[in-house]
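Me: I am new to this structure and would be grateful for a close look at one part of it. Please take chain C, and set it beside the contacts that the chains make with one another.

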Amino acid sequence: MKADRSMISSFIKPIMESLIAVVIGVIIGAIVLKLSGYSPVKAYTALVKGAVGSAYGWSMTLSAATPIILTALTFAISARTGIFNIGAEGTVYFGAIAAIVFTNMFANPLWGLIGGIIAGILWALPAALLKVYRGVHEVISTIMLNWIAFYTALYLVLGPLANPNDPNKTLEVPASARLPLLMRGSELSLAFIIAIAAAIITYYILWHTVLGFELRASGYNERAARYGGINPKRAIIWSFLIGGIMSGIAGATEVMGRPPSYAISQGMANIRGYGFDGIGVSLVGRNHPIGIIFSGIFFGALKAGATYMQIDAGVPLEMVKVVQGIIVVAVAVPGLWDLVKKVVRR
Amino acid sequence: MIDMIVSILLGSLTAMVPIVLTSTGAVVSERAGVVNIGYEGILLMSALFGAMFAEMSGSPWIGLLGGAFVGMLLGMLHGAITVYLKGDHIIPGIGVNILALGVVAFGITAIWGTAGQHQVPSNIRIQPIINTPYGGLSPMVLITFIIVFLTHWVLFRTPLGLRIRAVGENPEAADALGVNVERYRFLATVYGATLAGLGGAYLSVDWLGVVTKEISSGRGFIALANMVFSGWNPVRALIGGFIFGFFDNLSVWVRTNPAISQVVPWQFVATLPYIVTIIIVAGIIGKVRPPKWDGKPYKRE
Amino acid sequence: MEEAPIIEMRGIVKIYPDGTKALKGVDFSVKQGEIHGLLGENGAGKTTLMKILSGMLPPTDGKIYVKGKEVKFRSPADALANGIGMVHQHFTLVEVFDALHNIILGMEGHGHFSKIDVEKARKKLQDLMNELNFQVPLDVPVETLPVGVQQRIEILKVLYRNVDVLILDEPTSVLTPIEVKELFDVLRTLKSQGKTIIFISHKLREVMEITDRVTVLRKGEVIGTVNTSEATPQLLARMMVGRDVVLRIQKPPKKPGEPILRVENLWVKGDRGEDAVRGLTFEVKAGEIFGIAGVEGNGQTELIEAITGLRKIEKGRVILNGKDITGRPPKELYNLGVAHIPEDRTHMGLVLDMTVAENSVLGLHWRREFTGMLNSIKWVRVKKHAEELIKKFDIIAPGVDAPVKSLSGGNQQKLIVAREVSKEPLLIVASQPTRGVDVASTEYIRNYLVKLRNENKAVLLVSADLDEVLQLSDRMAIMYEGQFVGIVKPEEVTEEQIGLMMGGIKDES
């Protein structure tokens, strides 16, 4: 039946478009490598080997995927509600800080998570309220809040939370509050399982609850949602809160689950960038929790392989960020599948 | 006292250049109905490439033009996706911002071999035309003012401006009268991105003199906030630009004057531009009205 | 020898990308200097045909000849260059510009970068307006002007470009009877100046009054062209619909019950801050259909939105079954027994990107029967509900998981009606319930509204289709500028009286 075919193709098409975007990114990345004097073959081989060529590689891939799956969920939930929450970046900082504070007060990983959740909820409120009660576009407000969070967190990290025994990082998460490792000698901890669970919960919320129905309806058509007895303002606030929780957990699990440091490093380098990476993961994952799991693992592989690529092939690891960026831009092109079909036919 | 005022004035004028240029470009683009949130990424990439072109050619002015050129290319990309392919207006901008993070980080290493930061040699930077004991003023400040007034005049007094505004308010009306909606939207988008490119190159080749991964520091978004604050009016964007420039300059100054940290942590002052931006945008809502078809793709039905 | 037609369209076919055949091989010709009516129901293809003629849409097949020469239009600019201009049903004016700039847009004079010569344009326009004998204010933003004036600006826009052929798409749908008369005077003036006019309408009476010849379209095909002087409304109606139109719906007499809805001194503001509803008071009783007629734009939309919780009530009260519901949000109203069939089914009544099943519970989705623990939705029950609606209302849909946008307009509307009725409401508010809906579904929906009334529900009907209101209502009101000009029984009022009331004049006799 015609409708069945269109239902199936509406499912396959987005997946194809993400795959095509990845291919485009890889190809253009190869061109950039060549132009910069590196060997694409050597670089990509090293990348793949480092990411998935060994159990250790896989553990690095999955642990790199963990925080960006969570921050991707933040963006996805907002996108499904029709808004663009770019505030994961700042929320991650506060989530990590809250986890350090809470675990140093109560030496239990659960408290660390609770800290992350509370931080996520609280930091989600300004953007949510500004949007709903003052109509401030969330793209502007969340970016501003990211920077405010950055400097505030930096102050806390260099000041009250500084580690008296180690000038390069903050206080550590005490041993009893750390998340257990899934693989000995790796960096892969329970955090990964938490991220997967979060994705599944997000799926359930969006497609199997009244709240999720209202979020999605508001995202598709605010007028129709209002007509349908839904309060779009309430939907937006919930969207920010749940999104905030995800990113708060991302920050918390990063410090609770990453050996050997178990702290925030100087300049916050080990918790920066997850917000924007998450957005890319979500876009390539078509803003769907299941897609995000796959896309997150893929981007995690890029990150994990990058260090190896730098060592083995001498290519600066920032190269993968270029590929990442190209993939995201490619995903932004509508009808990519149809375009490619047209070009191939010629 | 006088020296402080003059110094603040000069500093604010200097800082407002990238914001005002980007805002003016954004005003034109959105008046035609195209939203672009990728200016942050454009600022970053044109800062990098502007410095690169300047150093390759030995002239900072070539660097500025190079930055504008990169902006133009990115504007064409955005225009192709949003205007011709009828894509979403927000997502390509996010893509450009993410791409910029990668390109600049990789670029600094690949071009200059340093990690994270590159100092532009001072002989390849724009020299100030006014030099006082309290600070200098770059010719770019004057050029910015000229660009703003010219843009304003074209937008509100000429057929080109009339058509640009028409396609942003009611593209159906313009289309029915034979105005090529796509062409004007595309041109407006490219113009906006080109100005942002100029502003980005200014950061590395003129004012700050460095290329880092964070040289844009949210200015691309502050420029969008300024665009809203100005009511989509280039001349009014000067006012907002000055206010933001004031706080931006303050924040930069504080970092180079550690004595201040005795009184107030420098990080707090660094957050001021962003807090001020939020307050101003929150306050102006309801008093200004965006173009009616801003952000909506147009297809002839 | 017969003069060659100024416009000839041969074998025009238009198939939309989604497969809809809007035009199936239409031959259409217009003589120079005539007023030619293009008549047909909603969806017959009249607007599509004219959009092709005016360059907005390309034909899938067929040829167009202007003054005997074959032409291919790639844009409205091409059509304008060939002397063909169209005034659309929904105005294409830039609201924030003044009339002068709206008219000269695209034809400003010289290059892109030189200053617009406002004075020169003003003089040219003033001369044109004097020639045509009607005036419009040139210097205020057009959004501040009344609809009739805006339409004249649209006409000026086209005439400024020296068109020979003027196409008007349903021009009277937004005009009062007096403004219609003024429009017709303008058209006659234009005709006397040698212009050719194509007049698209579905209103028989007007077509009979103003046109020289009429072409009738039905379902994308030409049924025939007649000389207006030789035609009758019945003939045209039969050509439009394809059978003898049943003009009366079966409605047994019914004694209405208690008032279910009571509106007291209601004041509501419109989108631009103007008073759209001004001190309205009326009742709708159980077992009756209360109809509100009137030209669109007189406050009907704002009234319905206020009653259904979608718009702020400035002053006054709304009482449902004795309970004050003023200002309550839609969710509470639905729980108290209100159902709303909205006038905009695609942008309000349905979420087009969601499935039939999801849409079947929009506005009921929180009810116990569809939910379980932890706020969860029991999709099995929702789908069963959707299947029941489809069966009961004869809705043609590929399946409950199909996206609702794959349904035709009529089936979408039936789905909305089915859903609203499944709420088992006390009051049904129906706004333009059969607009853009095919004949079979229209008949079904109208009969269903009568059925609801027979079952003792209160029905509030708003429709711009006067015939619909006359047929269905037990009592009706005509709305003009935010107030009721009169509340009457349809059988007790003449057409002339209604026409006057729609123009704001109450017949005191």
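Reply: The following account begins with chain C and then turns to the contacts between chains.

The model is a predicted one. Within it, chain C is divided into two parts: domain 1 covers residues 7-241, and domain 2 is made up of 259-353 together with 404-502. Taken over C-alpha atoms, the centres of domain 1 and domain 2 of chain C are separated by 32 Å.

Chain C contains an open sheet of 4 strands, which follow one another in the order E12-E11-E14-E15 with antiparallel pairing. The edges of this sheet are formed by strand E12 (275-285) and strand E15 (323-324) of chain C; each has a single partner strand, so one side of each is left without a neighbour in the sheet. At one of these edges, E15(C) is joined by 2 bridges to strand E14 (residues 313-320) of chain C, and the two strands run antiparallel. Leu320(C) has Lys323(C), in E15(C), as its bridge partner.

A helix accompanies these strands. Helix H9 (residues 300-307) of chain C lies across strand E11 (259-269), E12 and E14 of chain C. Relative to E12(C), helix H9 of chain C runs at about 60°.

Chain C also meets chain B: 19 residues of chain C are in contact with 19 residues of chain B. On the chain C side of this contact, the largest share comes from helix H2 (residues 76-81) of chain C, which gives 3 residues. The residues on that side divide into 10 nonpolar, 6 polar and 3 charged.

Chain B is touched by chain A as well, with 35 residues of chain A in contact with 35 residues of chain B. Four helices of chain A give two or more residues each to this side: H5 (109-134), H6 (138-158), H11 (274-284) and H13 (319-331). The largest share, 11 residues, comes from H6(A). By type, the residues of the side of chain A that touches chain B comprise 24 nonpolar, 8 polar and 3 charged.

One further helix of chain A completes the account. Helix H4 (residues 88-105) of chain A has 18 residues and reaches 25 Å from its first C-alpha to its last, close to the 26 Å expected at 1.5 Å a residue. Of the 18 residues of H4(A), 15 are buried, so this helix is largely enclosed by the rest of the structure. A residue counts as buried here if 20 or more other C-beta atoms lie within 10 Å of its own.

Notes: Residues are numbered from 1 along each chain as its sequence is written. Chains are lettered from A and ligands numbered from 1 in the order in which they are written. This is a predicted model: local features need pLDDT of at least 70, side-chain atom pairs count only at pLDDT 80 or more; totals for chains, interfaces and linings use all residues. Two residues are in contact if their C-beta atoms, placed from the backbone, lie within 7 Å. Ala, Val, Leu, Ile, Met, Phe, Trp, Tyr, Cys and Pro count as nonpolar, Asp, Glu, Lys and Arg as charged, and the others, Gly among them, as polar. Two strands pair if DSSP finds at least two bridges between them. Axes are lines fitted to C-alpha atoms, for helices over the stretch in contact, and angles run from 0 to 180 degrees between N-to-C directions. Domain bounds come from an automatic or database domain assignment. The expected span of a helix is 1.5 Å times one less than its number of residues. A residue is buried if 20 or more other C-beta atoms lie within 10 Å of its own, exposed if 12 or fewer, and partly exposed in between; C-beta atoms are placed from the backbone.
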